[in-house]
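Visitor: I have just opened this entry and would like a short tour. Could you show me the structure before we begin?

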Amino acid sequence: MQDEIETEEIIKDIFKQGKICFIPRYQFHSNHMDMVRLTAPEEVALLPKTSWNIHQPGEGDVREEALSTGGLDLIFLPGLGFDKDGNRLGRGKGYYDTYLKRCVQHQKVKPYTLALAFREQICPQIPVDEHDMKVDEVLYEDSPTS
């Protein structure tokens with residue numbers, strides 16, 4: 001989304017390194033999300049856009065789902081805000097929290113979670129509840145202002 005870090009170069013690098021890349025496919029009538037396989041970095045721009053202006057495969061587009069073939073090692077998490085304790089403020093639907101709980105049930109090892117943030121998104125404290133999953137690491141630019 002426009003207020004999130006652009007991941008296009010990361011996706012290109014994943015393919016350059018010969019790794020497998022999965023992207024989220026949200027089901028907007030629920031809080032269900034799958035991570036489906038991307039075949040090439042250029043494919044993202046060709047995918048249909050959702051009402052949130054996010055490129056994702058359509059529901060009829062049959063693709064490999066990460067949890068059905070062994071799971072994920074790393075997940076980049078979006079968010080509106082983050083604190084230094086790994087708490088994340090999402091957009092309120094619980095897509096990523098629910099998906100991470102499914103990962104814990106289906107994989108032997110929980111995927112490492114990494115949030116990419118703008119410095120302005122780092123907050124002293126983020127409100128959390130029992131459904132929220134912490135982020136393992138939050139990366140953001142921490143340079144002094146001029």
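Guide: The conversation below goes through the sheet, two loop residues and several charged pairs.

Visitor: Before we start, what kind of model is this?

Guide: This is a predicted model.

Visitor: Let us take the sheet. Which strands form it, and in what order?

Guide: Three strands make up an open sheet, ordered β3-β6-β7, and their pairing is parallel. The edges are β3 and β7 (137-140), each of which pairs on one side only. From one strand to the next, the twist averages 25 degrees.

Visitor: Which helix packs on it?

Guide: Helix α3 (residues 95-106) packs on the sheet and touches β3 and β6. The direction of helix α3 makes about 170 degrees with that of β3.

Visitor: How many bridges join β3 and β6?

Guide: Strand β3 pairs with β6 (residues 112-117) over four bridges, in the parallel sense. Phe76 has Leu114 of β6 as its bridge partner, and Leu77 stands opposite Ala115 in β6.

Visitor: Which residues of β3 are on its covered face, and which on its uncovered face?

Guide: Ile75 and Leu77 belong to the covered face of β3 (residues 74-77), whereas Leu74 and Phe76 belong to the uncovered one. In a regular strand, side chains alternate between the two faces of the sheet.

Visitor: What about Thr113, buried or exposed?

Guide: Thr113, which has its place in strand β6, counts as buried because its relative accessibility is 0%. The cut-off for buried is under 20%.

Visitor: And what is Thr113 in contact with?

Guide: Leaving aside neighbours within four places in sequence, Thr113 is in contact with Ile75, Leu77, Leu100, Lys134, Val135, Asp136 and Glu137. Two of these names have come up already: Ile75 and Leu77 are on the covered face of β3.

Visitor: Changing topic: where is Asp83?

Guide: Asp83 is found in the loop between β4 (81-82) and β5 (88-89).

Visitor: Which side chain of opposite charge is nearest to Asp83?

Guide: That is Lys134, 5.7 Å away. Asp83 is buried yet has no salt bridge. A salt bridge here requires the nitrogen and the carboxyl oxygen to be within 4 Å.

Visitor: What does the side chain of Asp83 reach, then?

Guide: The side chain of Asp83 reaches the backbone nitrogen of Asp85 at 2.9 Å. Apart from neighbours within four places in sequence, Asp83 is in contact with Cys123, Pro124, Gln125, Ile126 and Val138.

Visitor: How far is Gln121 from Asp83?

Guide: The two are 38 residues apart in sequence and 8.3 Å apart in space, C-alpha to C-alpha. Gln121 lies in the loop between β6 and β7 and counts as buried, because its relative accessibility is 8%.

Visitor: What does Gln121 touch?

Guide: Not counting residues up to four places away in sequence, Gln121 touches Asp3, Gly79, Leu80, Gly81 and Phe82. A polar atom of the Gln121 side chain lies 3.4 Å from the backbone oxygen of Leu80.

Visitor: Now the charged pairs. How many salt bridges are there?

Guide: The structure holds nine salt bridges. One of them joins the side chains of Glu4 and Arg91, at 3.2 Å from N to O. This pair links distant parts of the chain, 87 residues apart: Glu4 is in the segment before α1 (8-16), and Arg91 is in the loop between β5 and α3.

Visitor: Are those two buried or exposed?

Guide: Glu4 counts as buried because its relative accessibility is 19%, whereas Arg91, at 37%, counts as partly exposed.

Visitor: What does Arg63 pair with?

Guide: Arg63 forms a salt bridge with Glu43, and their closest N and O atoms are 2.3 Å apart. Arg63 lies in the loop between α2 (43-46) and β3, while Glu43 is in helix α2, so the pair ties together parts that are 20 residues apart in sequence. Both Arg63 and Glu43 are buried.

Visitor: Which residues form a network of salt bridges?

Guide: Glu8, Glu9 and Lys12 are joined into one network by salt bridges that share partners. Within that network, Lys12 forms a salt bridge with Glu8, with 3.4 Å between the closest N and O atoms. Lys12 and Glu8 both lie in helix α1, four residues apart, which is about one turn of the helix. Lys12 counts as partly exposed at 35% relative accessibility, and Glu8 is also partly exposed, with a relative accessible area of 41%.

Key
Residues numbered from 1 in each chain as written. Predicted model: local features only at pLDDT ≥ 70, side-chain atom pairs only at ≥ 80, totals over all residues. Heavy atoms only, no water. Buried < 20%, exposed > 50% of the residue type's maximum accessible area, 1.4 Å probe, protein only. Helix = DSSP H or I, 4+ residues; strand = E, 2+ residues; numbered from the N terminus. Pairing = 2+ DSSP bridges. Lys, Arg positive; Asp, Glu negative; His and termini not counted. Polar contact = N/O pair within 3.5 Å; in protein donor to acceptor, adjacent residues only side chain to side chain. Contact = heavy atoms within 4.5 Å. Axes fitted to C-alpha atoms, helices over the stretch in contact; angles between N-to-C directions.
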